[in-house]
Protein chains: 4
Amino acid sequence: MGSTPRRGDTRQRIQDVALELFAEHGYEKTSLREIAEQLEVTKAALYYHFKTKEDIVLSLFQDLGRPMDELIAWGEQQPRTLETKQELLRRYSAAMDIGEPLMRFVQENQATVRELSIGQIFKNRMLAMSALIRDPEAPMVDQVRSVTALFCMHARMFALQTVEGDPEDKREAVLEVALDLLTQAHASSSTHG
Amino acid sequence: MGSTPRRGDTRQRIQDVALELFAEHGYEKTSLREIAEQLEVTKAALYYHFKTKEDIVLSLFQDLGRPMDELIAWGEQQPRTLETKQELLRRYSAAMDIGEPLMRFVQENQATVRELSIGQIFKNRMLAMSALIRDPEAPMVDQVRSVTALFCMHARMFALQTVEGDPEDKREAVLEVALDLLTQAHASSSTHG
Amino acid sequence: MGSTPRRGDTRQRIQDVALELFAEHGYEKTSLREIAEQLEVTKAALYYHFKTKEDIVLSLFQDLGRPMDELIAWGEQQPRTLETKQELLRRYSAAMDIGEPLMRFVQENQATVRELSIGQIFKNRMLAMSALIRDPEAPMVDQVRSVTALFCMHARMFALQTVEGDPEDKREAVLEVALDLLTQAHASSSTHG
Amino acid sequence: MGSTPRRGDTRQRIQDVALELFAEHGYEKTSLREIAEQLEVTKAALYYHFKTKEDIVLSLFQDLGRPMDELIAWGEQQPRTLETKQELLRRYSAAMDIGEPLMRFVQENQATVRELSIGQIFKNRMLAMSALIRDPEAPMVDQVRSVTALFCMHARMFALQTVEGDPEDKREAVLEVALDLLTQAHASSSTHG
DNA sequence: AATGAATGAGTCTTCATTCAT
DNA sequence: TATGAATGAAGACTCATTCAT
């Protein structure tokens, strides 16, 4: 009584709660008991919907990771121009907003993720993005610039928490810096390379 | 027979093995049994040297985190000039080399670290570094540049693993990019702000 | 599509699969999930046909154990002669062929069967057969011979697996040995007793 | 109070209780909780002495199965004469007395044992004994006789429970029947073969 | 300086069973 | 004639921790 016993959406609700707790306290420290309690179901109910604890994480990746996969697929069919890369960053920034809790989970549980079956999946995604944005022939400094452009967008999620300001402002500022870095990488490369 | 029974350095050896395993498999997934087994002592022996599991981590921070604390202390006594900040980045880069395993541990176990007693310690360090390098009055983009300058040095530890090249070259390239970002932040700030 | 959806024989199919799995992996280690999966139905479907897991076993005994019950009933109405006992062995040998999987199940899950409701049923059957074949007044050696005559037929099912040869040959050989034992028991008894 | 807290013999006591319960209720139905409760220790204490539940069974085999292994070793170094085989049966009968609870456990948990790591060990023992006692060149009936001679000794443990009489008398009677069977196997073989 | 033995709390997981549909 | 969703009880096992020696 009180909360309406929602039907058919249990699987979804498990995913939501699990992701939240995994990101908050870490994968290992989050027990299935906790998840179940928060949902007011039994542990066994979780097992009706997911084969194992790890399976929950896997499903999160499959469901929430799609935007990123699509972005990579898109990128791979574009010409390797500066414009493409810029657009890539813009879309990455947007994708990170949607998949934010998942991203945070990965960021904060790297050691764990690496040992989970999704570890490889995630690593491959990173490799693919990296390959799209940098030019392996360019001087090291420029490769670093490109990778940093990508990587610094993650900074939003924790390094920038210390900085005051509107989240949307931050997002834009980060994107601007990233695009800058990318431009510099290109300018220099076309000169030196 | 066979292995020399080292004397008096057990405490040190525990720290070494623990840090390695914590960084490798994560804090939660590393059991005291594992640590003890790798050292060929009993679990109880660990308790002779450390009060709790968390205590091991704490000791690691106290012993390996000193360079960073000293860096902050140094920074706080310098004038807030561009030169100071540049030197800060240079020293940070060096400090990261020494405390690398510890840094990796923190990077890869953020969710866990946050819930450990060292969480606050570490967060304070980050805040202090952030305060030293950025100017809270500057436009957001420049603050982002400064923070990114600091933050991107961590990229070395995993984002840049996908890039081929000599580690020392990478270190220098990263530092160069970081210094660049810092300079841009300043140039722009003095103009706009 | 593909597999014909058999109608009306589900109960039978459950029994078949269950007996096979019970005999193969043991009663306790065989879960209703496994049975259901192998039949491509849900666990709940099993409960439409049987009240409990134990009920499946019970039904197996009722359906497959009839030959043995009939044999006992027949034996009890015959005169207690050597010829009767010989015929008993012959029919037992035949009955064991039909009820083989059930017999194997019992053989291999004695500890379990004893604690199931069929335990008593089965024990009674054994007692009845034993009572039919041996003479409680005869010397111990002869009683042992008689019981062994009965008991050794079970040997076929596992002790004789190590012996090469045609199954039918084995069956006959075993029967011959059993009949021999019986004859010896009688010869000696009529002399000594 | 009441029971003296015995020291150092915990491992042994675990084995004793475990074997008793395994034989009584079956391996699967016996939980570690039960064993622990009967010993008035915690489940975790069992894990200090044995790595897994299966490990307890394994240790029982290693400790209690030795007589049987020694018997096989002895048999393999004797000439393949009738006398040897007779002695084999006599010693087998004696060995079965010592290892009786273990034997009962195996008898009554065949399905389980087969899936445990000891399954193979035990099967090999059976094969070895079988190989020692029968002559693969002899006619099938005689091979059956030999195998039955061996096998019928197990009858004592359950088939003969229905027969009244002193256990020692039974033991002797069974042995006599077994030796008889063996002699018959030989007599016939040397004539026919 | 360290061990052997043990504990209590908790983990993930599986199972037989139920019931509304 | 079944299924989808769920439960309560229990299972094996692991862990950090303690303490007498």
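A polar contact here is a pair of N or O atoms within 3.5 Å; within protein, one must be able to donate a hydrogen and the other to accept it, and residues adjacent in sequence count only if both atoms are side-chain atoms. Keep in mind that this is a predicted model, where local features need pLDDT of at least 70, side-chain atom pairs count only at pLDDT 80 or more, and totals for chains, interfaces and linings use all residues. Residues are numbered from 1 along each chain as its sequence is written, chains are lettered from A and ligands numbered from 1 in the order in which they are written, and side-chain values use heavy atoms, with hydrogens and water left out.

**Exercise 1. Get to know chain A**

Work out which elements chain A is built from, and in what order they come.

Step 1. Count the elements: chain A has 11 helices and zero strands. Helices (H or I, at least four residues) and strands (E, at least two) are DSSP runs, numbered from the N terminus.

Step 2. Read them off from the N terminus and you get α-α-α-α-α-α-α-α-α-α-α.

Step 3. Check the extent: the C-alpha trace spans about 70 × 35 × 30 Å along the principal axes of chain A.

**Exercise 2. Put the record on the model**

Find what UniProt lists for residues 8-68 of chain A, and look at how the chain is folded there.

Step 1. The unreviewed UniProt entry gives "domain: HTH tetR-type" for residues 8-68 of chain A. UniProt positions are in the numbering used here, feature names are shortened, and annotations may be inferred rather than shown by experiment.

Step 2. Over residues 8-68, chain A is 75% helix and 0% strand, with the end C-alpha atoms 27 Å apart.

Step 3. The unreviewed entry also carries the annotation "DNA-binding region", covering residues 31-50 of chain A. That stretch is 75% helix and 0% strand, and its end C-alpha atoms are 14 Å apart.

**Exercise 3. Walk along DNA strand F**

Which residues are the closest to DNA strand F, and how many surround it?

Step 1. Count 34 residues around DNA strand F, the closest being Thr42(A), Tyr48(A), His49(A), Thr42(C) and Tyr47(D). A residue is near a strand if one of its heavy atoms lies within 4 Å of it.

Step 2. Sort them by type: 14 are nonpolar, 12 polar and eight charged. Ala, Val, Leu, Ile, Met, Phe, Trp, Tyr, Cys and Pro count as nonpolar, Asp, Glu, Lys and Arg as charged, and the others, Gly among them, as polar.

Step 3. Now flip to the DNA side: of the strand F atoms within 4 Å of the protein, 64% belong to sugar or phosphate and the rest to bases.

Step 4. Pick out the phosphate contacts. A side-chain N or O atom of Tyr48(A) is 3.1 Å from a phosphate oxygen of strand F. For Lys53(B) the distance to a phosphate oxygen is 2.7 Å, and for Tyr47(D) it is 2.7 Å.

**Exercise 4. Repeat for DNA strand E**

Find which polar side-chain atom lies 3.4 Å from a base oxygen of DNA strand E, then look for phosphate partners.

Step 1. The residues coming nearest, out of 34 around strand E, are Tyr47(A), Thr42(B), Thr42(D), Tyr48(D) and His49(D).

Step 2. The base oxygen is 3.4 Å from a polar side-chain atom of Lys43(A).

Step 3. For phosphate oxygens of strand E, take Tyr47(A) at 2.5 Å and Tyr48(D) at 3.1 Å.

**Exercise 5. Relate the copies**

What rotation puts chain D on chain C?

Step 1. Superpose by least squares on the C-alpha atoms of residues with pLDDT of at least 70 in both copies. A rotation of 180° with 0.0 Å of shift along its axis does the job, at RMSD 0.1 Å.

Step 2. The two copies are thus related as by a two-fold rotation axis.

Step 3. Asn109(D) is the residue of chain D closest to that axis, with its C-alpha at 2.8 Å.

Step 4. Try chain A on chain B: again 180° with 0.0 Å of shift, RMSD 0.1 Å. Here Asn109(A) comes closest of the chain A residues, at 2.7 Å (C-alpha).

Step 5. Chains A and C do not touch, and their nearest C-alpha atoms are 12 Å apart. Contact means heavy atoms within 4.5 Å.

**Exercise 6. Find a salt bridge**

Which side chain meets Arg145(A) in a salt bridge?

Step 1. Asp180(B) does, at 2.7 Å, N to O. A salt bridge is a side-chain nitrogen of Lys or Arg within 4 Å of a carboxyl oxygen of Asp or Glu.

Step 2. Asp180(B) sits in helix α11 (residues 167-192) of chain B and Arg145(A) in helix α10 (residues 140-151) of chain A, so the pair joins two chains.
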